[in-house]
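Visitor: I should like to take a close look at a single part of this molecule, its largest pocket. Please describe that part and then place it in the setting of the whole chain.

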Amino acid sequence: MAIQNATAVTLSVAGEVMAHATSASLSISRDLRDSTTKSSDGWQQNLAGLMSWEMSGDAFVDIAATDASMADCFTLLTTGSAITAVFTVGTAGDTYTGQAFVTSISADAGVEENATFSLSLTGTSDLEQLEA
């Protein structure tokens, strides 16, 4: 069994890997449409509905970062343009890519702790899987 070391999993935003990332997440889901009828014998029945996806990540704040930084992500959020988001599973793993909007950014800075920020992206089109 070849279990992926999560350190090699990356999130890229608008062509740049998220600077000083500490975590990355990809979520893919499908909504269901209720198709229950009176003849369903009390059991819910469903049909496949819309699919959606989201990516998120956490990173340390670095004001001198040359990769995707909090400042870069803020600019992407405020311009409101769709960007290319890429979730890569290791150096030899699958890659998931699609167009997304930056939907939220939050920062945390506790006393004598590393300043961090979180980023959330919501897909606006299909998510493409590129197998390694």
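**The largest pocket and its surroundings**

Guide: In this predicted model, strand E4 gives the most to the lining of the largest pocket, with three residues. The volume of this pocket is about 190 Å³. Its lining consists of Ile28, Met51, Ser52, Trp53, Tyr96, Gly123, Thr124, Ser125, Asp126, Leu127 and Gln129.

One of these lining residues, Ile28, deserves a closer look. Isoleucine 28 belongs to strand E3, which spans residues 21-34. Its relative accessible area is 52%, and because exposed means over 50%, isoleucine 28 counts as exposed. With residues up to four places away in sequence left out, isoleucine 28 touches Ser52, Trp53 and Leu127. Each of these three partners also appears in the lining of the pocket. In sequence, isoleucine 28 and tryptophan 53 are 25 residues apart, yet their C-alpha atoms are 4.3 Å apart in space.

Strand E3 can be followed to its end and beyond. Serine 35 lies in the loop between E3 and E4. Its relative accessible area is 23%, so serine 35 is partly exposed. Apart from neighbours within four places in sequence, serine 35 is in contact with Gln45, Asn46 and Leu47. A long distance can be given from this loop residue: the C-alpha atoms of serine 35 and phenylalanine 74 are separated by 42 Å, with their positions 39 residues apart along the chain.

The parts named so far belong to a larger plan. The chain has one helix and eight strands. Read from the N terminus, its elements run β-β-β-β-α-β-β-β-β. The radius of gyration of the chain is 18 Å, well over the 14 Å that the globule rule gives for 132 residues, so the chain is more spread out than a compact globule. Along the principal axes, the C-alpha atoms fill a box of roughly 65 × 40 × 30 Å. Of the 132 residues, 23% count as buried. The accessible surface comes to about 8,600 Å², and carbon and sulfur atoms account for 52% of that surface. Among contacts between residues at least 6 apart in sequence, 62% join residues at least 24 apart.

From the pocket one may turn to the interior. The largest nonpolar core has 18 residues, and those with the most contacts inside it are Val13, Met55, Ala85, Leu119 and Leu121. Two or more residues of this core come from each of strand E1 (9-13), strand E4 (46-60), helix H1 (70-79), strand E5 (83-89), strand E6 (95-108) and strand E7 (116-123). Strand E4 therefore has a part in both regions, since it gives the most to the lining of the pocket and is listed among the elements of the core. Leucine 119 shows how the parts of the chain meet here. With neighbours within four places in sequence left aside, leucine 119 is in contact with Val13, Met18, Met55, Ser56, Gly57, Cys73, Val102, Ser104 and Ile105.

Strand E6 also holds threonine 103. This threonine has a relative accessibility of 42% and so counts as partly exposed. Beyond the residues up to four places away in sequence, threonine 103 touches Leu77, Ser120, Leu121 and Thr122. One of these partners, Leu121, is among the core residues with the most contacts. The C-alpha atoms of threonine 103 and alanine 71 are 14 Å apart, and the two residues are 32 residues apart along the chain.

Some loop residues complete the picture. Serine 69 is found in the loop between E4 and H1. At 9% relative accessibility, serine 69 counts as buried, because buried means under 20%. Apart from neighbours within four places in sequence, serine 69 is in contact with Asp62 and Phe117.

Two other loop residues have a positive phi. Alanine 14 is placed in the loop between E1 and strand E2 (16-17), and its phi is near 55 degrees, a positive value in a residue other than glycine. Histidine 20 lies in the loop between E2 and strand E3 (21-34); its phi is about 55 degrees, also positive, although histidine 20 is not a glycine. Alanine 14 has 41% relative accessibility and counts as partly exposed, and histidine 20, at 42%, likewise counts as partly exposed.

Conventions. Residues numbered from 1 in each chain as written. Predicted model: local features only at pLDDT ≥ 70, side-chain atom pairs only at ≥ 80, totals over all residues. Heavy atoms only, no water. Core = buried A, V, L, I, M, F, W, Y, C linked by side-chain atoms within 4.5 Å. Buried < 20%, exposed > 50% of the residue type's maximum accessible area, 1.4 Å probe, protein only. Helix = DSSP H or I, 4+ residues; strand = E, 2+ residues; numbered from the N terminus. Contact = heavy atoms within 4.5 Å. Rg over C-alpha atoms; globule rule 2.2 N^0.38 Å. Areas by Shrake-Rupley, 256 points an atom, 1.4 Å probe, with all protein chains shown as cover. 1 Å grid on protein atoms, 1.4 Å probe; cavity = no way out; pocket = protein on both sides within 12 Å on 5 of 7 lines; lining within 4 Å. Points joined across faces, edges and corners; volume = space filled by probe spheres on them.
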